[in-house]
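These exercises go through a two-chain model step by step. Each task is followed by a worked solution.

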Protein chains: 2
Amino acid sequence: MPRVSKEACLDELKLRILRMELEPGMLLDEASLAAHFGLSRTPLREILQRLAGDGYLSIRENRGAKVASMDVTTMRTFFQTAPMVYANISRLAAENRTGAQLSDLQRAQAEFANCTSEGDAPAAALCNHRFHALIGEMAQNPYLVAALNRLLIDHTRLSQTFYRPAGPREASLVTRASEQHDALICAIDARDGDLAIELTLQHWDLSRDSIERFVRPDPLPVDLVARKEKDAV
Amino acid sequence: MPRVSKEACLDELKLRILRMELEPGMLLDEASLAAHFGLSRTPLREILQRLAGDGYLSIRENRGAKVASMDVTTMRTFFQTAPMVYANISRLAAENRTGAQLSDLQRAQAEFANCTSEGDAPAAALCNHRFHALIGEMAQNPYLVAALNRLLIDHTRLSQTFYRPAGPREASLVTRASEQHDALICAIDARDGDLAIELTLQHWDLSRDSIERFVRPDPLPVDLVARKEKDAV
DNA sequence: TGTATACAATATGTATACAAAAAGACTGTG
DNA sequence: CACAGTCTTTTTGTATACATATTGTATACA
């Protein structure tokens, strides 16, 4: 991939991290990345620094850059923090949005709905990311947005995992998520902060349930487990 | 200043931004900075990228790096956001702190108390910064810490301004702040999250009052204003 | 006098070469 | 066979030279 602009390189690396093509904890090689994007190492290193600043990577002196990890403590912290930040961001977005931003958000939601109706789960997760990042921009609060964007990185990466096996039950959940997006847009349009908070918390509950169902799936059928138990005894 | 390590350069730039020696909005020149620190432009540029990622600077393509601004909207957002983030960080710190971190915090507070008793206001503001940054580390929450550290940058810069003219009233406020620090350490030591929140909000009220008193000082004596009013009528 | 354009000066962005540090392979010894 | 130490290889960090973009200035023209 020769002669790619710096910004394009930045975006693609973000994308590949969000899609989990670059797995958490994975070590990145400067030379090969630079060759891949048709850049020299100098600008590529600056890109890595920026990605680290945004929470996509962690860089250690003389040890290279690795994709931000997603261990158990990370997930625990994520579940603890996300609803509060999401809710506050939504309230601020309802209060501070501009008209142009609302149009952008509606377009992003149209794309999300399109992806879900076509059953393209990975694309839907990325559209969802963009949707919520736009709400972050509306909030006009650089402090909270820093937290939000870090949360969204992990949220999207988790979604990449749990959206994948799209059974009929998961499909209906995605439909509900899309409806909640529409409702949230209405609340933001009406500048109704309290409603935006409430809808956001509902949206979060849905998302959390989906993730939890993946992490703690239904147990195996009993007759299969029985043999294993007999061996153990 | 020849042959300064990269990390030292990073720290000094942070320090000079927090002390407002590098004023908000000020444009930084790569070449002169590199010469000043005895580095070449390549590593210095990486440092600037990192500082931008941490919220100290903002970088625009082909336009150089400028110190993060502090305009009216920034301050409004700051006052809106700080108490919530501070309170939550304190609660998490009380819940998740380690023994070693508590010792560090006590040392930082000793330094802060020392600076205040000596009347060294600028140094006190920096010690205060470090004190609260350590509480952030205790919280073990990278999402909220990103917000906290950005808040602390602006908080410390505001303090640099309003701590300066240290009248007797300001001195007593600083003493109270130091006592609140001690109380907060006790709460964190006892792992009392609710108490930590309450103390943090009190601490915030004190800080906010100080800043507001600086921004909206007592009006001029009436007899001086009288003449002006007569002219107007 | 105001404005537009060309040109010069300055600053930022990129590529390459080299230095330093970490990781890995090899060999000798217990 | 395990292990320590040294050498080689690989990777990261830095300096310099050059390319490109922006800014400032002078001059020509309306």
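**Exercise 1. The interface between the chains**

What is the area buried between chain B and chain A, and what percentage of it do carbon and sulfur atoms give?

Solution. Before starting, note that this is a predicted model, in which local features need pLDDT of at least 70 and side-chain atom pairs count only at pLDDT 80 or more, while totals for chains, interfaces and linings use all residues. Residues are numbered from 1 along each chain as its sequence is written, chains are lettered from A and ligands numbered from 1 in the order in which they are written, and side-chain values use heavy atoms, with hydrogens and water left out.

Step 1. The size of an interface is often given as the accessible area lost when the parts come together. Buried area here is the accessible area (1.4 Å probe) that two parts lose on being put together, summed over both.

Step 2. For chain B and chain A the buried area is about 2,300 Å², and carbon and sulfur atoms give 54% of this area.

Step 3. Three residues, B:E46, B:Q49 and B:Y143, account for 31% of what chain B buries against chain A, more than any other three residues.

Step 4. In terms of contact (heavy atoms within 4.5 Å), 28 residues of chain B meet 28 residues of chain A.

**Exercise 2. Polar and charged pairs across the chains**

Count the salt bridges and polar contacts between the chains, then state which elements of chain B take part in the interface.

Solution. Step 1. A salt bridge is a side-chain nitrogen of Lys or Arg within 4 Å of a carboxyl oxygen of Asp or Glu. Between chain B and chain A there are two salt bridges. One of them may be located as follows: A:E46 pairs with B:R45, with 2.7 Å between the closest N and O atoms.

Step 2. A polar contact is a pair of N or O atoms within 3.5 Å; within protein, one must be able to donate a hydrogen and the other to accept it, and residues adjacent in sequence count only if both atoms are side-chain atoms. Ten residue pairs between chain B and chain A are in polar contact, both residues being at pLDDT 80 or more.

Step 3. Helices (H or I, at least four residues) and strands (E, at least two) are DSSP runs, numbered from the N terminus. On the side of chain B that touches chain A, α3 (41-53), α4 (72-96) and α7 (142-162) each supply at least two residues. The most come from α4(B), with ten residues.

Step 4. By class, this side of chain B has ten nonpolar, ten polar and eight charged residues. Ala, Val, Leu, Ile, Met, Phe, Trp, Tyr, Cys and Pro count as nonpolar, Asp, Glu, Lys and Arg as charged, and the others, Gly among them, as polar.

**Exercise 3. The two domains of chain A**

Describe how the domains of chain A meet.

Solution. Step 1. Chain A has domain 1 (6-67) and domain 2 (72-215); the bounds come from an automatic or database domain assignment. Their centres, taken over C-alpha atoms, are 25 Å apart.

Step 2. Eleven residues of domain 1 of chain A are in contact with eight of domain 2. The area buried between these domains is about 880 Å², with 65% from carbon and sulfur atoms. A:L18, A:R19 and A:M20 supply 57% of the area that domain 1 buries against domain 2, more than any other three residues.

Step 3. Zero salt bridges are found across this interface, and one residue pair is in polar contact. Helix α1 (residues 6-18) of chain A gives the largest share of the domain 1 side, three residues. That side has seven nonpolar, two polar and two charged residues.

**Exercise 4. The sheet and hairpin**

Set out the strands of chain A, then turn to chain B.

Solution. Step 1. Chain A contains ten helices and three strands. Its strands form an open sheet in the order β1-β3-β2, with antiparallel pairing. Two strands pair if DSSP finds at least two bridges between them.

Step 2. β1(A) and β3(A) pair over two bridges, with A:L27 opposite A:K66. Strands β2 (residues 57-60) and β3 (residues 64-67) of chain A pair over four bridges, and here A:I59 stands opposite A:A65.

Step 3. Three residues lie between β2(A) and β3(A) in their hairpin, and A:N62 in the turn has a positive phi of about 65°.

Step 4. In chain B the order is β1-β3-β2, in an open antiparallel sheet. β1 (27-28) and β2 (57-60) of chain B are at the edges with a single partner strand each, so one side of each is left without a neighbour in the sheet.
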